[in-house]
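Please open the model in your viewer and keep the sequence panel beside it, since each stop on this tour asks you to select a few residues and then look at what surrounds them.

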Amino acid sequence: MKNNLQETRSNSSMTQEELADKVDVSIQTIQSIEKGKYKPSDSLALNIARSLGKEVTEIFS
């Protein structure tokens, strides 16, 4: 799954650790998603988007 999570997160001035804490996953999960090595579940993708104040489709395509 292609995503622009890293860019969106950076633009929100949020660290990987802060985002991981907000959505209750490990920092390694956030890193893997940003690198495209891991596809988040629908619920995780929704939680990430909400935490960043975005729509899922703005981050994940």
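Select Ser-13 to begin, and you will find yourself in the loop between helix H1 (5–11) and H2. The model is a predicted one, and in it the phi of Ser-13 is near 55°, a positive value in a residue other than glycine. Most residues other than glycine have a negative phi. Turn on the surface and Ser-13 shows as exposed, with a relative accessible area of 65%.

Now move to Met-14, which is also found in the loop between H1 and H2. Is Met-14 buried or exposed? Its relative accessibility is 12%, and because the cut-off for buried is under 20%, Met-14 counts as buried. Display the neighbours of Met-14 and, leaving aside residues up to four places away in sequence, you will see that it touches Arg-9, Leu-19, Lys-22, Ser-51 and Leu-52. If you draw a distance between the C-alpha atoms of Met-14 and Ser-51, the viewer should give 9.9 Å, although these two residues are 37 residues apart along the chain.

Next, colour helix H2 (16–23) and helix H4 (42–51), and look at how they pack. Two packed helices are described by the angle between their axes and the distance between the axes. For H2 and H4 the angle is about 120°, and the axes lie 10 Å apart, which makes H2 oblique to H4. The crossing of this pair is right-handed. To see where they touch, select Leu-19, Lys-22 and Val-23 in H2 together with Leu-44, Asn-47, Ile-48 and Ser-51 in H4; by residue type, this contact divides into four nonpolar, two polar and one charged.

Keep H2 on display and add helix H3 (27–34). Between H2 and H3, the axes come within 8 Å and cross at roughly 110°, and the two helices are therefore roughly perpendicular to each other. The crossing of H2 and H3 is right-handed. On the H2 side, select Gln-16, Glu-17, Leu-19, Ala-20 and Val-23, which meet Ile-27, Ile-30, Gln-31 and Glu-34 in H3. The residues of this contact comprise five nonpolar, two polar and two charged.

Before leaving this pair of helices, select Asp-24, which sits in the loop between H2 and H3. Here the phi is near 60°, again a positive value in a residue other than glycine, and at 70% relative accessibility Asp-24 counts as exposed.

For the last stop, hide the surface and go to the nonpolar core. Which residues have the most contacts inside the largest nonpolar core? They are Leu-5, Leu-19, Ile-30, Ile-48 and Leu-52, in a core of 14 residues. H2, H3 and H4 each supply at least two residues of this core, and H4 gives the most, with four. Centre the view on Ile-30 and show its contacts: not counting residues up to four places away in sequence, Ile-30 touches Leu-5, Gln-16, Leu-19, Ala-20, Val-23, Val-25 and Ile-48. With Ile-30 still centred, add Leu-19 to the selection, a residue that you have already met among the neighbours of Met-14, in the contact of H2 with H4 and in the contact of H2 with H3.

Note on methods
Residues are numbered from 1 along each chain as its sequence is written. This is a predicted model: local features need pLDDT of at least 70, side-chain atom pairs count only at pLDDT 80 or more; totals for chains, interfaces and linings use all residues. Side-chain values use heavy atoms; hydrogens and water are left out. A nonpolar core is a set of buried Ala, Val, Leu, Ile, Met, Phe, Trp, Tyr and Cys residues joined through side-chain atoms within 4.5 Å. Buried means under 20% relative accessible area, exposed over 50%, partly exposed in between (1.4 Å probe, protein chains only). Contact means heavy atoms within 4.5 Å. Axes are lines fitted to C-alpha atoms, for helices over the stretch in contact, and angles run from 0 to 180 degrees between N-to-C directions. Angles under 35 degrees count as roughly parallel, over 145 as roughly antiparallel, 65 to 115 as roughly perpendicular and the rest as oblique. A crossing is left-handed if the near helix is turned anticlockwise from the far one by less than a right angle, and right-handed if clockwise. Ala, Val, Leu, Ile, Met, Phe, Trp, Tyr, Cys and Pro count as nonpolar, Asp, Glu, Lys and Arg as charged, and the others, Gly among them, as polar.
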